[in-house]
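Welcome to this guided tour. Open your viewer, get your selection tool ready, and follow along stop by stop.

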Amino acid sequence: MNNNENKISVNSSPNGLGLIFLVGFMGCGKTTLGRKLASRLGYEFMDLDHVLEAQVGMSIAEYFSRFSEDAFRKLESEVLKQTKYPEHAVISTGGGLPCFFDNMQWMNTHGKTIYIKLSPKTLADRLENEKEKRPVLNGAKGKDLVAFIEGKLTERDKFYSQAAIIADGLSLTAEKVEQLLNK
């Protein structure tokens, strides 16, 4: 069986869509859209950042500063792969999770992946007032924040683009995502 055949059989549950992983840069709306999509489909919603924080008993920003980004990325990958998922769930991932180890491949093998794509300017507008909760932003503002996001997106696009579905996040609704999933 080739990889594509295997992917189809793993992703297609006879009684629903199975696991749906939302990927994209921080601030693209994975959690907000994920909750709405899960409600629409009657699925559970899981935010892997919240799962990780509950396991370690501290915020991601605190973990980052205490143990380093490398330690965080390793833990994040373990949380992705070792979490016990229900049969049907919408899962919001951290913005960097798809870009490390074999995480994107793992998600594509175990579910459907959707990349919520937005422009650097739109992301910067959304993230401008959340910098204290987002350690990788390093306090960047205005044009510096847009430039930082452009650089990160350049690095990450090759991973995000491996998603089964790439969706323009600007006017994305749970209804539109459901239509994309059922095509």
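## First stop: the end of a helix

Select Ser68, the residue that follows α4 and has a positive phi, near 100 degrees. Helices here are DSSP runs of H or I with at least four residues, strands are runs of E with at least two, and both are numbered from the N terminus. You are looking at a predicted model, in which local features need pLDDT of at least 70 and side-chain atom pairs count only at pLDDT 80 or more, while totals for chains, interfaces and linings use all residues. Residues are numbered from 1 along each chain as its sequence is written, and side-chain values use heavy atoms, leaving out hydrogens and water.

Ser68 is not a glycine, yet its phi is positive. Ser68 sits in the loop between α4 and α5. Is Ser68 buried or exposed? Ser68 falls in the middle class, partly exposed, because its relative accessible area is 32%. The classes work like this: buried is under 20% relative accessible area, exposed is over 50%, and partly exposed is in between, using a 1.4 Å probe and protein chains only.

## Second stop: helix α4 and its two sides

Now select α4, residues 60-67. Colour Ile60, Tyr63 and Phe64, which are buried. Why do these buried residues line one face of the helix? Seen down the axis of α4, they fall within an arc of 100 degrees, so they share one face; the arc is that of the directions from the helix axis to the C-beta atoms. There is a handy rule behind this: an α-helix has 3.6 residues a turn, so residues three or four places apart point the same way.

Turn to the other side of α4 and you will find Ser65 and Arg66 exposed. Then show α3 and α5, which are among the parts that cover the buried residues of α4.

Zoom in on Ile60. It counts as buried because its relative accessibility is 12%. Leaving aside neighbours within four places in sequence, Ile60 is in contact with Asp49, Leu52, Glu53 and Phe72, where contact means heavy atoms within 4.5 Å. Try a distance between C-alpha atoms: Ile60 and Phe72 are 12 residues apart along the chain and 8.0 Å apart in the model.

## Third stop: the largest pocket

Which residues lie nearest the centre of the largest pocket? Select Met26, Asp49, Ile60, Lys133 and Arg134, which have that place among the 31 lining residues. A pocket is found on a 1 Å grid over the protein atoms alone: it is an open set of points where a 1.4 Å probe fits, with protein on both sides within 12 Å along at least five of seven lines, and lining residues have an atom within 4 Å of a point.

The space in this pocket is about 700 Å³, a volume filled by probe spheres set on the points, which are joined across faces, edges and corners. The lining has 9 nonpolar, 11 polar and 11 charged residues. In this count Ala, Val, Leu, Ile, Met, Phe, Trp, Tyr, Cys and Pro are nonpolar, Asp, Glu, Lys and Arg are charged, and the others, Gly among them, are polar.

Pause at Asp49, in helix α3. Asp49 is partly exposed, with a relative accessible area of 21%. Apart from residues up to four places away in sequence, Asp49 touches Ile60, Glu76 and Gly94.

## Fourth stop: Arg73 and Phe101

Move to helix α5, residues 69-82, and pick Arg73. Arg73 is buried, at 5% relative accessible area. Its contacts beyond four places in sequence include Phe64, Phe101 and Arg156.

Follow that list to Phe101, in the loop between β3 and α6. Phe101 has a positive phi of about 50 degrees, although it is not a glycine. Phe101 counts as exposed, at 55% relative accessibility.

## Last stop: a strand with a buried residue

Finish on strand β4, residues 112-117, and select Ile116. Ile116 is buried, with 2% relative accessibility. Its C-alpha lies 6.4 Å from that of Ile166, although the two are 50 residues apart in sequence. Among the residues that Ile116 touches, leaving out those up to four places away in sequence, are Leu22, Cys28, Leu33 and Leu172.
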